[in-house]
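Colleague: Could you walk me through one strand of this model up close? I'd like to hear what sits on either side and how well covered the strand is.

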Amino acid sequence: MNIHELLNHGTIMLPLDVDTREDAIRQMAASLERSGSITHLDAYIEAVLRREQQSSTGIGFGVAIPHGKSAGVSKASLAFARFNKSIDWDSLDGSPATMAFMIAVPEANVGNEHLQILVALSRKLIHEDFRQQLTDAQTPDEIIEILAKNI
Amino acid sequence: MKKLLAVTACPTGIAHTYMAAESLQKAAKDKNIPIKIETRGAVGVENEITPQEIAEAHAIIIAADTDVDEGRFAGKPVIKVPVAQGIKIPSELIDRALAKEASTEFSQKVQANETNQSSAKKQNVVYRHLMNGVSHMLPLVVAGGLIIAISFIFGITHEEGTFGAQLGKIGGSAMGLMVTVLSGYIAFSIAGKPGLAPGLVGGVLSTSMGAGFIGGILAGFIAGYAAKWLIQNIKLPKNFEGLKPILIVPLLSVLIIGLLMIYVIGEPIKALMDGLTTWLGSMGSANKIVLGAVLGAMMALDMGGPFNKTAYTFAVGLLGSGVYGPIAAVMAAGMTPPLGVWLATMIAPKKFTDEERQAGKVASILGLSFITEGAIPFGASDPLRMIPSFMIGSAVAGGLTMLFDVMLRAPHGGLFVLLIPNAVSNVLMYMLAIVIGTVVTALLVNLLKRTK
């Protein structure tokens, strides 16, 4: 299992030009649809927005991890975006989001390797040096390399 | 050194659970505090906290938005926050946990309880597996036995194709599965899912070979431990590891139990069962009465506990082999404790409180339905006087049914099964045995009980 199965150039956006949280979510979800891992875009976006309503996925440190589990997802996948301006994400620590990982997981997806990767990613995001590397990366290839190296 | 525990969980179980765990881990590491963190996310419960660790921990941090099975932390200082707080302020949470006064009295108590539990666990492991099998078997026995009993409304023998014969077929199918399910779920209890297949197969073989419920119990234990051993001891190259649960363990475990049943243990157990059946059938009346009395006393000794279940399981097992006497004794003996306390409250109401008189009325209904547990409120409040009274009354009832040669073809039902024609042979004498047992129980209860 490698990280390439979860994300590719098409789902890495450096930078992504949006103004609001919802905009960011819609754009990132659309990139996942284009890459073929989302079959029902609206259903997935609804799941993500519903999750945001429960409590913000802005985890602080400028990072957000919008995610949703939905039948509209055909395979577990990941999108990454660094925003060209800070987005208000209603974060835990009040700081706006400067980058986001979007996680898409199919409804009936429990305990497989993809999940393990997402788990590892979540854990990694807590560490500052990992976030710094993501902030400094210039190209999608560098992002993939950072993920491959750390997860 | 103060040790901490933490549990993290979130609704989706993908991100926050693990971020909170990582944050807490990191903060604890910075402070040089040992911490163990259980994560309950989409990949299941990982790094699960053991009772031993709970006993030793200074405090527990729960950072969760979903249920985390908090009951196990009873008596321990617990800090409970939303999962987001685990990510946001891990360091503060750890400081707060460390500052908690360890309520020593409580924690010692918990610790003591845990040690008791774990030693009790070891002693009763065989009993626990057996009871897992029995509890899965009982619905089949109850349904099967009662449906067979109902079929007797249409006569004791049925012509092929009649409704009575069909009922008999339905009931017989349920009863026919009894040993299979018993064996299967004993093995399931021991080895989990891999135990079920060999356990079921062992049970079918036991049934078809005539090794009965004793063969089934043995097959279940052998199959379960065989499967467990195979899971733990078969080592395959990593590429073939996936074959182990779907191919190797099922194949070998079923083969092992099958060959053992057919070539080694099946025949001796069949001989034992046949011997037991013949012995019970040819038993002189003195021995029969003793057997009935012992079974009866066991039914009343702990009312639903291990002795009660052992006696009942024994009788039900024999019912499956066509021996109908012990089950009659056991049911009569199981009815008399609650019926006896009811009668006692009727004879001498002044000896009882209002509450007890009410409980007595309820007990009468439970007694008529063969729910021995109806007498527990009385037994529990004054065990040294009540339990012996119950035991003697039940022993009398059990002994008398054997003396009267009562045969019962259903495993449950109480009074209601007596109303079905032919389900019980010698109905009048059976009721007499129950009435005498009830009266004896009531008289002893009133004799021994102190006036309130």
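**A close look at strand S1 of chain B**

Modeller: Let's start with one contact: B:Leu4 has B:Ile35 of S2(B) as its bridge partner. Keep in mind that this is a predicted model. That contact belongs to a pairing of S1(B) with strand S2 (residues 35-41) of chain B, which is parallel and counts six bridges. How does the chain get from one strand to the other? Helix H1 (residues 16-31) of chain B joins S1(B) and S2(B) in a β-α-β unit, and that unit is right-handed.

S1(B) has another partner too, strand S4 (residues 59-64) of chain B, again parallel and again with six bridges. Here B:Ala6 is bridged to B:Ile61 of S4(B).

Now for the side chains. In a regular strand they alternate between the two faces of the sheet. In S1(B), B:Leu4, B:Ala6 and B:Thr8 go one way, while B:Leu5, B:Val7 and B:Ala9 go the other, and every one of these is buried. Buried here means under 20% relative accessible area. Since six of the six residues in strand S1 (residues 4-9) of chain B meet that mark, the strand is largely enclosed by the rest of the structure.

As for the wider setting, an unreviewed UniProt entry lists residues 2-99 of chain B as "domain: PTS EIIB type-2". That stretch is 39% helix and 27% strand, and its end C-alpha atoms lie 10 Å apart.

Key:
Residues are numbered from 1 along each chain as its sequence is written. Chains are lettered from A and ligands numbered from 1 in the order in which they are written. This is a predicted model: local features need pLDDT of at least 70, side-chain atom pairs count only at pLDDT 80 or more; totals for chains, interfaces and linings use all residues. Side-chain values use heavy atoms; hydrogens and water are left out. UniProt positions are given in the numbering used here, feature names are shortened, and annotations may be inferred rather than shown by experiment. Helices (H or I, at least four residues) and strands (E, at least two) are DSSP runs, numbered from the N terminus. Buried means under 20% relative accessible area, exposed over 50%, partly exposed in between (1.4 Å probe, protein chains only). Two strands pair if DSSP finds at least two bridges between them. A crossover is right-handed if, with the strands pointing away from the viewer, the path from the first strand over the helix to the second runs clockwise.
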